[in-house]
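Reader: Please take one part of this structure and examine it closely, then connect it to its surroundings. I am in my first year, so I would be grateful for an account that explains each step.

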Amino acid sequence: MANPIRLLILLSDESSERMDLPRVPDTVEEFIEQVKNSSKLSGDIRLQYKDVDFGGTFVNLSSTSMIKDLTTIKVIPSASSDIILSFIESVPSDLSDLDTSSVSLHTDSDDTVILSSSSSERLRTEPWPKEFNIPPFSLETEYQLEKGNAEYTKNQTRLTPTSKMLSDILERLAEKIFSYKAYPTDADLGDVAEALTRKYPCLRQPDSFNESYGWKLRLKTKMCNYRTQLKSHGLASELMVNTLKSKSREDPVPLPAKNNKKARRGEANYYPQSSSKTLETLEQERISLLTEVKKRNNERTIREKMARTFQFRRQEIVDQKPTIENLMERWPALFQMEEINTEFLRVTTVPLLTRFMAQLDKYSPQLLKIIRKKGGTTKAKTATILELLDQDADADVRRECVLKALIIYLGECVEDLIKEYTMSQKDQAKQELESTVMVVFVFRENSSPLQQPQDIGIIIDGVEVLNELPSVSSGVVMLFGLCYALNMEYPQGFRFTFEALQKILLELGSNKMTSKIRKLKGELHTAQ
């Protein structure tokens, strides 16, 4: 039986309420409705929770797994409706129906200076949803659909939409899809098509796969046309960067479908719209950051300047693909633990460290059950790790062991990702690490895994980019975060491990998985 939870709801600086729930809600949307009903609120709101791992900073609530007993929840009223990207604030008349349901990222709270510091510069605030909500259509279309649903319920008669209805449905869906991503995958479009026929069964197509495949094909064509329409007006940076004119700067013979710069790992803000500030102003901000990072107790100023320069920095990283040495020289703040977390949040809208650790702890019992059942090589290689877990290890050691066991279970080599040394091997380690591409290194006084590490860090392209990390699991998650922040490929040889971290733990792009990761996810849910 689920345990009841007690929450403190902050409605404003001068108003708060206690809220008791019998259990943690399944979705953020359900929780928002409960908060609105309990506090008698109207209109659109979003929620933040107080994250104790970051000194009580309020972080956007993107998963109910972050809600525990005695959690403090902050209510943020949504700003007046505005399109999700600032470049669509003023559009030509033929695009005047663009979706305006998204929210501004700017609030008056200092704690929320995470994604953007200016109300005029919009970023996406949500990842692709687990369940796609169909937007409202025109009154005439809604009336016809309701009438069609009633007829379908009565005698299974399907509705054949008129060209006007079809145009309205596809246009509104395209707008909604674009509010999440410019280049939806086949799996994304399949989700939308299924959501449409689930809400309006009168639109089902009995002669197509799962009765919605025809709608998926229509949406695929519509999104191509929708992007073309936006590009023709020069509206979206994430679209304009993939025009032949832009590609010709890097490729003398550019092809329309080759080397497109687009999100492939669930990024919400892969290539954000250019800042309204001039390049000279942003470069001055960057230069001032070089001074600020050298000051003590200066986290707030660094956070604000990093937020103001996000679009500038992200486009530089995606366009120029600078070396690690160059990035560390130009953006040293990006190689701090707090800023890796924040940059990951800007890129994906998902909190990194808190979500990762919460999900890892949630799935650990089921994962260990699955691993203990395996025989052969997996059993032999995980025997020592599983013995450590039976010795009443602390939380950091348990997480380290679970991650190592997961890597082995997926058929990959732990020693190629997590390199462990004793303090007496420092000279040997230095030579080895200089030739590595991407690893987490660990130094201990002796070879015992229960020994508290003296140093934990990350090497990328032979360069030490982080050190003095609190745990091995933190090292793995920071390396994962850097792959997003620096737009790097996952470490070679760890395709399945990082896919599991992305799609199972962080739930990014989880509607399309390799068969191995899909099987693991199914076993995890079956074992619960």
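Author: Let us begin with aspartate 20, which counts as partly exposed because its relative accessible area is 46%, and partly exposed residues lie between the limits of 20% and 50%. Please bear in mind that the model is predicted. Aspartate 20 forms a salt bridge with arginine 18, and the closest N and O atoms of the two are 3.0 Å apart. The partner has another label: arginine 18 counts as exposed, because its relative accessibility is 58% and the limit for that word is over 50%.

This pair belongs to a wider set, for the structure holds 34 salt bridges. One of them joins the side chains of aspartate 69 and arginine 6, with 2.5 Å from N to O. That bridge links distant parts of the chain, since its partners are 63 residues apart: arginine 6 belongs to strand 1 (residues 5–12), while aspartate 69 is in the loop between strand 4 (57–60) and strand 5 (71–77). Aspartate 69 has 33% relative accessibility and therefore counts as partly exposed. Arginine 6, with 38%, is also described as partly exposed.

A salt bridge may also be found with both partners covered. The side chains of aspartate 188 and lysine 181 meet at 2.9 Å, N to O, and both aspartate 188 and lysine 181 are buried. Elsewhere, salt bridges with shared partners join Glu283, Arg286, Glu316 and Arg330 into one network.

From these charged pairs we may turn to helix 5 (residues 213–232), where tyrosine 213 is found. Tyrosine 213 has 35% relative accessibility, so the residue counts as partly exposed. Together with Phe209 and Leu217, Tyr213 forms a nonpolar patch on the surface, and the three share about 320 Å² of accessible area. Helix 5 also has covered residues: Gly214, Trp215, Lys216, Leu219, Lys222, Met223, Tyr226, Arg227 and Leu230 are buried. A general rule helps in reading such a list: an α-helix has 3.6 residues a turn, so residues three or four places apart point the same way. The buried residues of helix 5 pack against helix 3 (163–180), helix 4 (186–199) and helix 6 (237–240). In length, helix 5 has 20 residues and spans 29 Å from its first C-alpha to its last, close to the expected 28 Å. Just after helix 5 comes glycine 234, with a positive phi of about 65 degrees.

Helix 18 (residues 472–485) gives a further example, with 14 residues and a reach of 20 Å between its first and last C-alpha, close to the expected 20 Å. Of its 14 residues, 14 are buried, so helix 18 is largely enclosed by the rest of the structure. What might one expect of nonpolar side chains in general? In soluble globular proteins they tend to be buried together. In this model, the largest nonpolar core has 82 residues, and Ile458, Ile460 and Leu482 touch the most other members. Helix 18 gives the most to this core, with ten residues. A second, separate core has 32 residues, including Phe137, Leu145, Leu189 and Trp215. Returning to isoleucine 458, its contacts beyond four places in sequence include Val439, Phe441, Met478, Leu479 and Leu482.

Helix 9 (residues 299–308) has buried residues of its own, namely Ile302, Arg303, Glu304, Lys305, Met306 and Ala307. Among the elements that cover them are helix 8 (279–292), helix 10 (310–320) and helix 12 (337–348).

Finally, some backbone angles deserve attention. Helix 18 is followed by asparagine 487, where phi is positive, near 55 degrees. Lysine 40 likewise has a positive phi, near 55 degrees, although the residue is not glycine. Lysine 40 is in the loop between helix 1 (28–39) and strand 3 (45–51), and counts as exposed because its relative accessibility is 75%. Glutamate 507, another residue other than glycine, has a positive phi near 55 degrees as well. The loop that holds glutamate 507 runs between helix 19 (495–505) and helix 20 (515–527). With 24% relative accessibility, glutamate 507 counts as partly exposed, because the label buried requires under 20%.

Key. Residues are numbered from 1 along each chain as its sequence is written. This is a predicted model: local features need pLDDT of at least 70, side-chain atom pairs count only at pLDDT 80 or more; totals for chains, interfaces and linings use all residues. Side-chain values use heavy atoms; hydrogens and water are left out. Patches are made of residues with over 30% relative accessible area and no salt bridge: like charges are joined within 9 Å, nonpolar side chains (Val, Leu, Ile, Met, Phe, Trp, Tyr) within 5 Å. Accessible areas come from the Shrake-Rupley method with a 1.4 Å probe; for residues, only the protein chains shown count as cover. A salt bridge is a side-chain nitrogen of Lys or Arg within 4 Å of a carboxyl oxygen of Asp or Glu. Helices (H or I, at least four residues) and strands (E, at least two) are DSSP runs, numbered from the N terminus. Buried means under 20% relative accessible area, exposed over 50%, partly exposed in between (1.4 Å probe, protein chains only). The expected span of a helix is 1.5 Å times one less than its number of residues. A nonpolar core is a set of buried Ala, Val, Leu, Ile, Met, Phe, Trp, Tyr and Cys residues joined through side-chain atoms within 4.5 Å. Contact means heavy atoms within 4.5 Å.
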